[in-house]
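Me: I have a structure to go through. Could you help me read its packing and its aromatic rings?
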Amino acid sequence: MRKIVYLFCFLISTPSWAVNEADLEKCREYSNAQVRSQCVQMYKRTDTRVAFSKCKKNLECWSKRYREQAKKYCSLAYKRRAASSSFWAHHWKGQDFDKVRWLDQRDGSMMYYEQEVGVVLQCLFYPKAPSKVKVRIGSS
């Protein structure tokens with residue numbers, strides 16, 4: 001009986017080593033103080049850091065991880081520009097930025113972009129400061 005109790009206590013004290021993407025997604029919101037403290041503990045775990053590091057080396061994984069945030073903040077930035085400029089309003093139609101490339105892989109920053117007829121809509125996204133996107137329109 002004593003062995004079962006020790007085994008049970010050991011299993012309870014052992015942390016879960018699987019990185020839960022849903023939990024990481026909650027961490028990106030940072031709206032709740034309790035969630036933030038749980039996120040700090042989760043990011044301190046070795047397995048979370050290893051998974052994060054592996055993902056950061058792969059553009060497809062990294063861009064998938066931040067696509068929703070990028071879409072949200074890039075759309076807001078384009079809408080603000082379109083509200084004050086007919087040029088921007090002419091080109092901005094709520095595109096979803098279906099292409100991505102590295103801006104700086106070491107930093108983790110990416111450029112999401114959409115090619116339209118004659119122009120390229122670009123959004124420079126920085127995961128460390130997601131609301132600080134930079135948008136621009138270039139010629140194709």
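Reply: The following turns cover aromatic rings and then a pair of helices. This is a predicted model, in which local features need pLDDT of at least 70, side-chain atom pairs count only at pLDDT 80 or more, and totals for chains, interfaces and linings use all residues. Residues are numbered from 1 along each chain as its sequence is written, and side-chain values use heavy atoms, leaving out hydrogens and water.

Me: How many aromatic pairs are there in the whole structure?
Reply: The search finds 8; rings of Phe, Tyr and Trp (its six-membered ring) pair if their centres lie within 6.5 Å, and planes under 30 degrees apart count as stacked, over 60 as edge-to-face and the rest as tilted. One of them is W62 with Y66, edge-to-face at 5.0 Å centre to centre and 65 degrees between the planes.

Me: Is W62 buried or exposed?
Reply: W62 is buried at 2% relative accessibility, and Y66 is buried at 8%. Buried means under 20% relative accessible area, exposed over 50%, and partly exposed in between (1.4 Å probe, protein chains only).

Me: Which residues form the aromatic cluster?
Reply: F52, W62, Y66, Y112 and F125 form one cluster.

Me: New topic: at what angle do α3 and α4 pack?
Reply: Helix α3 (residues 33-44) and helix α4 (residues 46-56) pack at about 75 degrees, with axes 5 Å apart. Axes are lines fitted to C-alpha atoms, for helices over the stretch in contact, and angles run from 0 to 180 degrees between N-to-C directions. Helices (H or I, at least four residues) and strands (E, at least two) are DSSP runs, numbered from the N terminus.

Me: Which residues meet there?
Reply: M42, Y43 and K44 in α3 meet T46, T48, R49 and F52 in α4, where contact means heavy atoms within 4.5 Å.
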